[in-house]
Each structure stands twice: as C-alpha cells, then as structure tokens.
Protein chains: 2
Amino acid sequence: MRAGPSQEEIRRQNLGALLRHVHVHGAMSRAELTSALGLNRSTIGALTADLANAGLVSEATPKQRGRAGRPSLVVRPESARVHAWAFSIEVDRLQAARVGLGGVVLDRRELSRPRGLVAAETAPLLAGALKEMQPAVPPGTICVGAGIAVCGMVRRDDGLVRLSPHTGWVNEPIGATLAAELDAETPVVVANVADVCAFAEHARGAAAGRDNVIYLYGDVGVGAGIIAGGRRLTGHGGYGGEVGHMVVNRNGSRCECGSRGCWETEIGEYALLHAAGRPAASGREAVLAVIDAADRGDARAQAAVRQVGDWLGFGVGNLVNIFNPEMVIFGGTMRDLYLAAAAQVRSRLNSVGLSACLEHVRLRTPQLGRDAALVGAAELAFERLLADPLEV
Amino acid sequence: MRAGPSQEEIRRQNLGALLRHVHVHGAMSRAELTSALGLNRSTIGALTADLANAGLVSEATPKQRGRAGRPSLVVRPESARVHAWAFSIEVDRLQAARVGLGGVVLDRRELSRPRGLVAAETAPLLAGALKEMQPAVPPGTICVGAGIAVCGMVRRDDGLVRLSPHTGWVNEPIGATLAAELDAETPVVVANVADVCAFAEHARGAAAGRDNVIYLYGDVGVGAGIIAGGRRLTGHGGYGGEVGHMVVNRNGSRCECGSRGCWETEIGEYALLHAAGRPAASGREAVLAVIDAADRGDARAQAAVRQVGDWLGFGVGNLVNIFNPEMVIFGGTMRDLYLAAAAQVRSRLNSVGLSACLEHVRLRTPQLGRDAALVGAAELAFERLLADPLEV
DNA sequence: GCGGTTTGTTGTTCCGGGCAACGTATTGTT
DNA sequence: AACAATACGTTGCCCGGAACAACAAACCGC
C-alpha cells in the first residue's frame, strides 16, 4: 500500500534498466537501447553519461560500419573495472571467482572441501582464495559485493544457513563470518544454490525471458529455484523451493531431515547408487559411472536409472500441477539423470501432470554449465548495483 | 527489461494507491492518507480532487471532533455509486452479487445449480440474476466490470474454463459467453475460486499484510490460491495452484483427472464420506453430518475425520516445504475439516514439514465467511480501476 | 561534393511532486 | 469573549526528469 515512485526513483529505475540491459545482453548501441527501453534519445544520452561518469559503462565508436546514417555509439559494461566476488559452497568442494559486470568470469579458484568444515573454518578458506586473486585486480576497480551459493536452507534476512543436512551445517552464519573477513564496505549476500542457478539461467541462460520456471538442482540432496511471475520465489523466511523434502512415498526410507520418503530419498545421488547396488559415494562421478554402465548394457544399472527417472518424472509432475511453469530445467546431477532417463521422466510426467499444465512445459538442461552457481552468486551481488547504480 | 515508469504513470500509481487505500481500509482522513502514502499534503489534495471529480470518492467534514486543530476532511469510497458485478459458479449453486467499492455487498442472489449445465446455459442464469438486481441500481452509477469465480482451471488470457471435473466442464468459454450477455463496455474477468478467495483474504481478511500465503479451498475437489511475495501466483497459463492433483499416494484411488492417488482423492468431500462409510453425496451438509457424528462419539466417523485430517496435514506439510508460507488458510469444507481434526493436521504437518519452514506458519480459517468468493470476484474487476482510476 | 539518412547534442517545454507561506477551522486558556 | 496553540487545506513557486524539436555530425551511395 505504498505510493508510487517519486521522480528521483524514476531516474534510479531508468539507470538500473539501462545498466541491466547491457549487463545481460552485452554491449549495444545507444540506438538499440533507445528502442529497447522505449525512452527518448536524449534521455538515453543523459543516462549513459551518468553511468559512464560513474565508471560503470564506456562508450566507443563502433568498429563495424556499413549502414547509412551517423553511427551510434556502443555502450559496453566495464566488465574489467566493475566486478563482484562469487563463492559456491558445495558438498565436496568450494569455488571462488571474480565475476565482471556482464557476467564474465575473470578469475577463479577451486578447493576440495573436507567433510565437517563449519562456517568459521570455511570463511577463511574463501577469503584466502579471494586474497590469492586480489593481486590480479587492476587498480581503480569497483567491487560491488560478494555473493555466496550454499547447498542448504538460507535465511533471507541475514544469510544464516539454517540447515544443510549433507554438509552437516546447522545455523551457520556464513554470511556474517565471511563479511568479517572482508572489507567492511563489501556487502555479502547468501542464497541457496538452486535459487542462484535459477536466477542465472533466468537472467542469461535457458530460461531467459521466461517468467515461470522451475530449476531443479540435485546432488546428494535436491532443491529447486523457482521463478514465478518473473520473480524469485523466496517464501517468507527464504526457505522456499525445498522440493527435495516433498514426501512422495509415505513408506519410503528415512531422510536426513527426519521425515520419511522425501523426494530426495528417491532421486538423490544415493538413491541411484543404492538402486544400482553400489556403495554410497558422493560426487558426480559415481552417478556418471552408473549411467555409463547402463549405457553399456548393465541390466541392474539400467533398472536403477529407469526407477529413479520414474520418480523424477513423478515429482516434476506434482510441481508442474502446483506451479504451471513454462519450463523445467534439470541441473546438477539431475541433468545427467534426466538425459539418461528422458523417456521415463516424460512418460511419468505425462501420467501425473494435468493436461492443461503439461501443455506448454519445456524440459531443458542448463545453458550456463559449471559456471552457473558462480555467475548466479555474482548476480546476487550485482542486484544491488542494478537497483541503484549511482549509489556505488 | 522495460524502463521505469514515466511521469504520467507516477500519477496513475499514486491515484491507484490512494483509491486502493480507501477501498481496502475504508474511509479515512486526508491527514491519515498523507502519512500512510508518504506523500505531501498538497499532493494528496490534488489526487483526491481528481478522484472526487471522477466520482470515485467523496469528501466530508468529519462528524467526530475532539482533537485540537483544523479537522481533516474524510475521504470515503463511493461505495453506492461505484460497483462491480460478482459471480460464483460452484458445484451445486450459483451466486451473483453487486459489490460496491470498498468491498461491500450491496445486493445478492443465489440459485441452485442443476448438474450438467454448460457455459452457454449458465451465462443466461447469471445475466438474469444481474437483470433482477438492475432496477435497484441508482442512476448515475459507475460499473467497473464483472468478475467470475469458478471451481475449475481457468486460462488466464481469456478466461476459458479448461477443465472443471466436478461440474463436468471442458473448455467452456464462460467469460466470453457472459460478456456477450452484458454491455459491450463491461469487461469480464474469470479466475479460480481458490485464487479469488485468497485474493480477498489477502486484501481484507485473515491474510491482510501477509506476503506469502496459501489459501486452501475444498469442496468435492481441492485447489489453492497462492500469494507469493505479495503477488498472486498464476503460473504460465493461469493454472497454478492445482494442489489437489499433487499425487500423495501412488497406490491411491483413481482421480477424475485420470491420475491416481491425487491429494483430493484423500481429502475431498467424497474421501471423508467414503471413509465414514456413507454414500457419496456432494455438498457441505454431508461433510458437516460426518463431523457432527464424530463429535457425538460415532467411532467410524471419528476414525474417518482422523484419517482425512492426517492426509490434510500431510499435503500441507509438502506445500509448506515448497512455499515456506507464513500462513495457511483453510476454506470451504477444508475449514470444517481443519477445525474438526486440528490435532491430526498439526501433528502430521510437524512430522512432514522442515523445522525452518514450520517456524512462522500460522494455520487459520477465513475471515470473510460465505462472501469471500463474491468479494474476491469483485476484487478482480476492481483491479482494473485501481490500476488506472481515471480511465473509467 | 551532394543529397539522403541516422544519430548525438542542445535548449525548451511540460508534468508531477515537494516546499513554504498563508488562510482556516477547531481546542484550550485567560 | 479574546487570544494563543494546533492542525490542516490551499496557493504559488521551485526542482527534477523526460519528451520534443531543431540543429550538428557522421555515414552512405552516386
């Protein structure tokens, strides 16, 4: 029930819209921006002048000439001079990267993650990777903040990791801990991996331009990043999208969350390994090994892939009925599983889903590859900049 | 990726915010509006002048005096002069009402609905009820449109009822059919009952001010109206919230949708009657009879209530994990069931739900009573007015 | 080089909200 | 009853932001 935006907010929003446009779509001419944003030439000129003045974009005469008329200046994001730090905390590894405006990964480090590491021990590792990358940062650059993707439930207000069963974290304040290791001016944002990947794919990946998307991310556990009506679904505390703990089988096996028959006990990495009669080993390699065996004709592995693929389609069917998305993206090990069992997934999905909801659903794999989590984490940090470009 | 609002849109939004405020919170003084909307006194003055000029609000010197200073003019919505038509199509009855700005039901009619009535036969009945109410409409009134609440899946773009299993409708263009019966200028909006009730409870009922809410509506079938991040979750085609067809029991009984073990086969009206060993009779009375019998000590009825209540808590637990809402509202026969089996619901919810998601969930019953669907349907029609008050 | 075309630039206009000064209606005090 | 105090409506002015139009600049083809 708030009033509409004031006039200065118009400027903020227009600056943000322009910067976001070149951030997402890459360098483009002022003429293109004029038609894309629906603003006047002179307004675009004034906005780019402000942004260039703040060091966020640069203008240049285009190399490629050929059309009639005066060539339009090309506005490009200052990818090298404006960046965010991005971190990803996964079950068995840590990633750190410097990501430039425009979503380009400028530098990166990867560490294996020993089991049982709490936040107080993890933050120094991340900060260390950052310090390692620091010397390569050219002078005069702008850092807009840091984003962390965590495989667990993250409280939106303060970035506390409430629960991350497969890393063993309970109430770990990773955001605050890392912030203490960094400059006081560097804001730190934390979110769930699935949410972050969904965000990235929605901004510049497979889901670009789609307003209702479910990004399913699987490793040991399963979570979803959900875009509903063009906006991220966070829920009240930030724990939305915990679809891995949707109970699909009341007689199923115990889940680490304490319940029984959660979806992730049927489609998580361990489920596939168990069905294939293999030891419970974490990591994508073990999953790929089963799929590989199935490809080579191993009957037990084939049955396991079919069974787990069936459960995958089952849960997706439920989600499709609840959300009526236009796209479902399978990320993490769900990608491999979906590709190996697409027939089962589709078939079960078709039997569970309502025909109206199935009508426009596309099943896809991510486009951003292994960088999705890092790009998405950086996107979290960039969000502040895009909301108010001149405040930095 | 659109640009921010232009200056004229500021005016529209401020007019809408002011009108919405008095529409939702009732008549209030210009001074209160000034602080509520955060606008200047002079701006509020100009806005109310525009709205009063358009006949949407009226100003009056307040009756109640007592505080020092010049008394502030009271702005009240022109409830009698500005109205919408509201309709509700339920399994066994039809409702029609004239609802004034501010959400007051000015007049209403109720018809029982014979089974097997298609849209082409229903629309004349609704239009007839409207014509019956027409003579009581004072001259010079403004009608902003008509809203219809339907117990079925509604395509957002054109209001086509894709599927309503329990009324037997398939691809019935109720919106277009009713529009043809009315003035050409009266826009008709159609939506699902649960969505509409959620909208109403969110605007002025139990969920006022809550941004993440699930409104569960049950009769023969079960659907949910979902508010996520303060906005209605519609999904891509408008079919979002079909939680009744979330499969919770793979070995369950056949559902009318063609699948097996849908949630509504476990908690719908027939489920309770079947568990209680009674004939499948539609309508709230049959449900209340079972609950009444359970209250009076009928062991079989008690077991039925417990069993269905357990399934109710089970599904709500799943939804709580997926959406992390701050409130779940039980409407329709779900209200009676929840009140009768609150212990089972809570207990199963606690065992299925993740503790972080359970933390701030409140379980509630609706505040708007039997008028919820009509008020919500009217709200759909008012939405256009509130988006651009002077365009009418 | 010249007209045609497209775009950047500049000065002007328009619109909407904030602000301050003033007028007005009520309460409380002497 | 007269006065101050209080709170509000009203009016005129200012400022910021975008649209618009006129002009200048840079490209094309001939």
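**Polar contacts from protein side chains to DNA strand D in the predicted model.** A polar side-chain atom of Arg11(A) is placed 3.3 Å from a phosphate oxygen of DNA strand D. In chain B, an N or O atom in the side chain of Arg30(B) sits 2.6 Å from a phosphate oxygen of the strand. Arg41(B) addresses a base instead: one of its polar side-chain atoms lies 2.8 Å from a base oxygen of DNA strand D.

**Protein surface near DNA strand D.** There are 26 residues around the strand, and those that come nearest are Gln7(A), Asn14(A), Ser42(A), Arg30(B) and Gly69(B). By type, the residues of this surface comprise 7 nonpolar, 11 polar and 8 charged. On the DNA side, sugar or phosphate accounts for 61% of the strand D atoms within 4 Å of the protein, and bases for the rest.

**Helices that contribute to the surface near DNA strand D.** At least two residues each come from helix 1 (7–25) and helix 3 (41–53) of chain A, and from helix 2 (30–37) and helix 3 (41–53) of chain B. Helix 1 of chain A provides the largest share, 4 residues.

**Helix 10 of chain B and its two ends.** The helix covers residues 299–323, and its 25 residues span 36 Å from first to last C-alpha, close to the expected 36 Å. Of these 25 residues, 19 are buried, so that the helix is mostly covered. At its start, a side-chain oxygen of Asp298(B) comes within 2.9 Å of the backbone nitrogen of Arg300(B). Just after the helix, Asn324(B) has a positive phi of about 50°.

Methods
Residues are numbered from 1 along each chain as its sequence is written. Chains are lettered from A and ligands numbered from 1 in the order in which they are written. This is a predicted model: local features need pLDDT of at least 70, side-chain atom pairs count only at pLDDT 80 or more; totals for chains, interfaces and linings use all residues. Side-chain values use heavy atoms; hydrogens and water are left out. A residue is near a molecule or strand if one of its heavy atoms lies within 4 Å of it. A polar contact is a pair of N or O atoms within 3.5 Å; within protein, one must be able to donate a hydrogen and the other to accept it, and residues adjacent in sequence count only if both atoms are side-chain atoms. Ala, Val, Leu, Ile, Met, Phe, Trp, Tyr, Cys and Pro count as nonpolar, Asp, Glu, Lys and Arg as charged, and the others, Gly among them, as polar. The expected span of a helix is 1.5 Å times one less than its number of residues. Buried means under 20% relative accessible area, exposed over 50%, partly exposed in between (1.4 Å probe, protein chains only).
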